[in-house]
Amino acid sequence: MISQPHPAVVPFGRTWLSHWKLDPSVTHLNHGTVGAPPIRVLEAQQAIRDEIERQPPAYLLRELSEIAVGRPRSGPPRLRAAAQEVASFLGARGEDFVFVDNATTGMNAVLRSFPLEEGDEVLITDLAYGAIANAAAFHARERGAHVKTVELPPSARGLQAMADAVIAAAGSRTRLAVVDHVSSESAIVLPVREIVARLRERGIAVVVDGAHAPGALDLDVPSIGADWYVGNLHKWAFTPRSAGFLWAAPGRQEGLHHPVVSWGLGRGFTAEFDWVGTRDPSAYLAAPAAIAFLREIGPDRMRAYNHELAWSGARFLCKRWGSPLELTEPMVGVMATVPLPARLGSTPEDAARLRDDLLENDRIEIQLHAWRGRLWVRSSTQIYNEWGDLERLAEAILRQ
Ligand SMILES: Cc1ncc(COP(=O)(O)O)c(C=O)c1O
């Protein structure tokens, strides 16, 4: 019998919804998709916006970034100070870390900057996020290169088999590999350190797509050993949207360009990324407030709670639905994806219909998709969720 999470990891639950603006009449099981910032962080962001609006040109043109008019500031530009704080939360140095709007932007920066040549190959897996696969295909095509998509073995075969499949697919023309840290729809925590080390041993540059990792995993970015690491802060690190980041190893910053070229061109990595035209920087500047919120609730406690809901929840849902459980605990971070009963269909249209039904009839917000001949559902909980939310999902699916 799979029971509710152990009491030692249950300090959280529905009462925490009061820290969010989320509609309490909805069962939110989709935190990771676009994130949901706590009210306190939104208030910090609004305070920053209010401050900007008192003197917009001074704030944006003199205080924000290294691309500034007037006499040099005495302290670091505001974006650099915020970058330093978030970078140190992620084990990194501020000078190797820049904010970008989202993971898509960061991945595009790396993909378009990488000096691919005709006939070169970019390696990516079939678990990669669709938008990133598109970006890889686009930038490869522009250079006469191509993308090789490796089909990963089913999770039932284990993480080692997945790592081995990536390495086996790398060939003599593979120059760059895109490796997910946590895959999007399938929510698998991949053995990224091992994959990166084995690829780099073979002289292949690696960019890690860590869109779902910051906040969700205990992350020390430089120790992963990648050339570049891209992450989102607005998913699991509680920042307002849109806040992502790009970390570049010190030897991998030259020649790295933001997809939007602006005044910082030729003035160094951080200068180039910190100013890409006039925009609202408040999500980045509110990131330290989000990290403070995370530290206050305790990142380890938050992860333990969400992991428990994901892992115990996966076993519970599979048992309830008679679905095969293909996951092992090390594959699970704070989300888990499990197969739905076969009778519910197998196509993207079936997935879309079921997602709409759950939202409209049961007021359950959740990600589900079609993959390898069946439908899958991803539970993506946060500290405002509790076991009853998963039971509600289980029953709603059984009623279908
Ligand atoms: C693995 C992965 N990469 C990239 C992205 C894109 O993130 P964004 O839309 O914030 O750019 C996502 C979004 O869920 C993702 O899961």
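Which backbone N or O atom lies 3.3 Å from an oxygen atom of the ligand? The points below answer this and describe the surroundings of the ligand and of Q253 in a predicted model.

1. The backbone contact belongs to A103: one of its backbone N or O atoms is 3.3 Å away from a ligand oxygen. With the ligand in place, the protein covers 88% of the 390 Å² of accessible area that the ligand has on its own.

2. Two side chains also supply polar atoms close to the ligand. For D209, a polar side-chain atom is 2.6 Å from a ligand nitrogen. For H234, a polar side-chain atom is 3.2 Å from a ligand oxygen.

3. The ligand is located in the largest pocket. Around the ligand there are 13 residues, and the closest are T104, S184, D209, N232 and K235. D209 is thus listed among the closest residues and has the side-chain contact to a ligand nitrogen given above.

4. By residue class, the shell around the ligand consists of 5 nonpolar, 6 polar and 2 charged residues.

5. A separate point concerns Q253, which is found in the loop that runs between β8 (244–248) and α9 (269–274). Is Q253 buried or exposed? Q253 counts as buried because its relative accessibility is 16%, and buried means under 20%.

6. The side chain of Q253 has two partners to note. With the side chain of D96, it forms a polar contact of 2.8 Å. A polar atom of the Q253 side chain also lies 2.8 Å from the backbone oxygen of A248; β8 spans 244–248.

Conventions. Residues are numbered from 1 along each chain as its sequence is written. This is a predicted model: local features need pLDDT of at least 70, side-chain atom pairs count only at pLDDT 80 or more; totals for chains, interfaces and linings use all residues. Side-chain values use heavy atoms; hydrogens and water are left out. A residue is near a molecule or strand if one of its heavy atoms lies within 4 Å of it. A polar contact is a pair of N or O atoms within 3.5 Å; within protein, one must be able to donate a hydrogen and the other to accept it, and residues adjacent in sequence count only if both atoms are side-chain atoms. Accessible areas come from the Shrake-Rupley method with a 1.4 Å probe; for residues, only the protein chains shown count as cover. On a 1 Å grid over the protein atoms alone, a cavity is a set of points where a 1.4 Å probe fits but cannot get out, and a pocket is an open set with protein on both sides within 12 Å along at least five of seven lines; lining residues have an atom within 4 Å of a point. A molecule sits in a cavity or pocket if more than half of its atoms lie within 2 Å of its grid points. Ala, Val, Leu, Ile, Met, Phe, Trp, Tyr, Cys and Pro count as nonpolar, Asp, Glu, Lys and Arg as charged, and the others, Gly among them, as polar. Helices (H or I, at least four residues) and strands (E, at least two) are DSSP runs, numbered from the N terminus. Buried means under 20% relative accessible area, exposed over 50%, partly exposed in between (1.4 Å probe, protein chains only).
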